[in-house]
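Reader: I am new to reading protein structures and should like to study one part of this one closely. Would you please examine the interior, and explain how the pieces there fit together?

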Amino acid sequence: MVKLVLDQAEGLRRLVARHTTRIVAVVGSAPEAGQTSVALNLASALAHQGQDVVLADESGHAAPALGLPLRGDIHDVIAGRVSSDMVRVQTRENVVLVPVAHRHPERIDPQRSLPLLTAGEPDVVIVDCTHAGGVLSPLAAHAHDVLVVLGREPATITGAYSWIKQAHFEYALAQFRVVVNRAEDMEARVVCRNLATTASRYLAVSLELAGHVPSDRQVMRARQLTRTVVDAFPMAPAAVAYRQLAAQVTHWPLAIRETGPSGIGDIGGDRGGEMAHGVSAMSAHTA
């Protein structure tokens with residue numbers, strides 16, 4: 001009996017001690033929504049709050065926005081042309097930026113790319129998602145959270161609904177988080193409420209307003225300096241909004257589902273084979 005109790009205690013200790021890297025897929029409802037800006041600044045804000053952050057650049061826009069030199073990408077690592085250390089670039093905010101692929105990121109095998117992104121067990125991986133191929137790339141499909149970026153313009157709202165509809169039917173997703181960019185608080189709430197009403201009525205999905213980023217000329221100034229607004233102008237309204245969003249991210253419930261053959265839980269160390277995390281575990285193909 002004593003041995004059983006000790007074994008149970010040890011099992012609980014190992015469960016608590018096990019570190020899970022949260023993966024957040026950032027997607028844009030339209031090219032003008034500002035997806036890469038949100039991904040970069042969210043990563044920066046998380047790093048400023050002491051989180052160990054990796055930014056997976058699927059879009060190909062994140063590294064140029066910071067003026068970072070690149071020596072290859074994950075595609076090159078998998079092909080054996082460069083080492084994994086060569087493609088990991090440290091930003092001034094201590095975010096590790098990893099280019100996923102400068103061509104066809106939708107063809108990258110997540111079973112081989114995820115270990116490269118989660119090496120060292122970072123706290124958060126932010127994926128600046130590609131617009132190529134399907135709704136989500138195989139890598140982004142392993143995300144715990146899907147953050148949809150939209151603006152207050154009708155085109156971005158329509159685009160958001162269309163994207164959410166596709167993602168719902170492809171991956172059986174029932175919940176999305178929304179960031180309304182370049183909008184004030186009340187505007188963001190109205191946009192999210194209208195979108196959520198339509199989505200719940202026709203798709204039976206729920207939308208949660210994760211936050212809003214106000215229009216701020218310092219964002220453009222930071223971009224001209226090839227920096228994030230969080231780093232360049234920490235007291236700017238947009239920077240404050242990103243820090244508030246980052247504080248929320250760390251408290252979002254972590255999606256854990258029963259294991260599947262392609263789940264992130266199957267990758268790396270003693271974390272494998274017990275839990276599968278992310279959208280891919282709920283793919284419509286398994287329905």
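Author: Let us begin with a single residue. C129 has a relative accessibility of 3%, and because buried means under 20%, C129 counts as buried. This value, like every other one here, was computed from a predicted model. C192 is a second case: its relative accessible area is 6%, so C192 is buried as well. A disulfide is a covalent bond between the sulfur atoms of two cysteines. The structure holds 0 disulfides, and neither C129 nor C192 is therefore part of such a bond.

From single residues we may turn to a whole element, strand 6, which spans residues 145-150. Strand 6 is mostly covered, for 6 of its 6 residues are buried. In a regular strand the side chains alternate between the two faces of the sheet. Strand 6 can be read in this way: D145, L147 and V149 point to one side, while V146, V148 and L150 point to the other. Residues on either side of strand 6 are buried, the charged D145 among them.

The next step is to see what lies beside this strand. Strands of a sheet pair through backbone hydrogen bonds, either parallel or antiparallel. Strand 1, residues 22-28, is joined to strand 6 by 5 bridges, and the two run parallel. Within this pairing, A25 has V146 as its bridge partner. Strand 7, residues 175-181, is joined to strand 6 by 4 bridges, again in parallel. Here L147 is the bridge partner of R177, and V148 stands opposite V178.

These pairings belong to a wider arrangement. The sheet is open and has 8 strands in the order 3-4-2-5-1-6-7-8, with mixed pairing. Strand 6 accordingly has its place between strand 1 and strand 7 in that order. The edges are formed by strand 3 (89-90) and strand 8 (206-213), each of which pairs on one side only.

The interior also contains enclosed space. A search of the whole structure finds 2 cavities of 30 Å³ or more. The largest cavity holds about 50 Å³, and its lining includes L40, A43, S44, E93 and T228. Helix 2 (residues 35-48) gives the most to this lining, with 3 residues. An α-helix has 3.6 residues a turn, so residues three or four places apart point the same way. By class, the lining of the largest cavity consists of 6 nonpolar, 3 polar and 1 charged residues.

The second largest cavity has a volume of about 30 Å³. I74, V77, S84, V87, R88, V98 and L116 line this cavity. Helix 4 (74-78) and helix 5 (84-87) each supply at least two residues of the lining. Its residues are 5 nonpolar, 1 polar and 1 charged.

One last detail concerns the ends of a helix. D216 caps the N-terminal end of helix 9 (residues 217-224), where a side-chain oxygen of D216 lies 2.9 Å from the backbone nitrogen of Q218. Just after helix 9, T226 adopts a positive phi of about 50°.

How values were computed:
Residues are numbered from 1 along each chain as its sequence is written. This is a predicted model: local features need pLDDT of at least 70, side-chain atom pairs count only at pLDDT 80 or more; totals for chains, interfaces and linings use all residues. Side-chain values use heavy atoms; hydrogens and water are left out. On a 1 Å grid over the protein atoms alone, a cavity is a set of points where a 1.4 Å probe fits but cannot get out, and a pocket is an open set with protein on both sides within 12 Å along at least five of seven lines; lining residues have an atom within 4 Å of a point. Grid points are joined across faces, edges and corners, and a volume is the space filled by probe spheres set on the points. A polar contact is a pair of N or O atoms within 3.5 Å; within protein, one must be able to donate a hydrogen and the other to accept it, and residues adjacent in sequence count only if both atoms are side-chain atoms. A disulfide is a pair of cysteine sulfur atoms within 2.5 Å. Buried means under 20% relative accessible area, exposed over 50%, partly exposed in between (1.4 Å probe, protein chains only). Two strands pair if DSSP finds at least two bridges between them.
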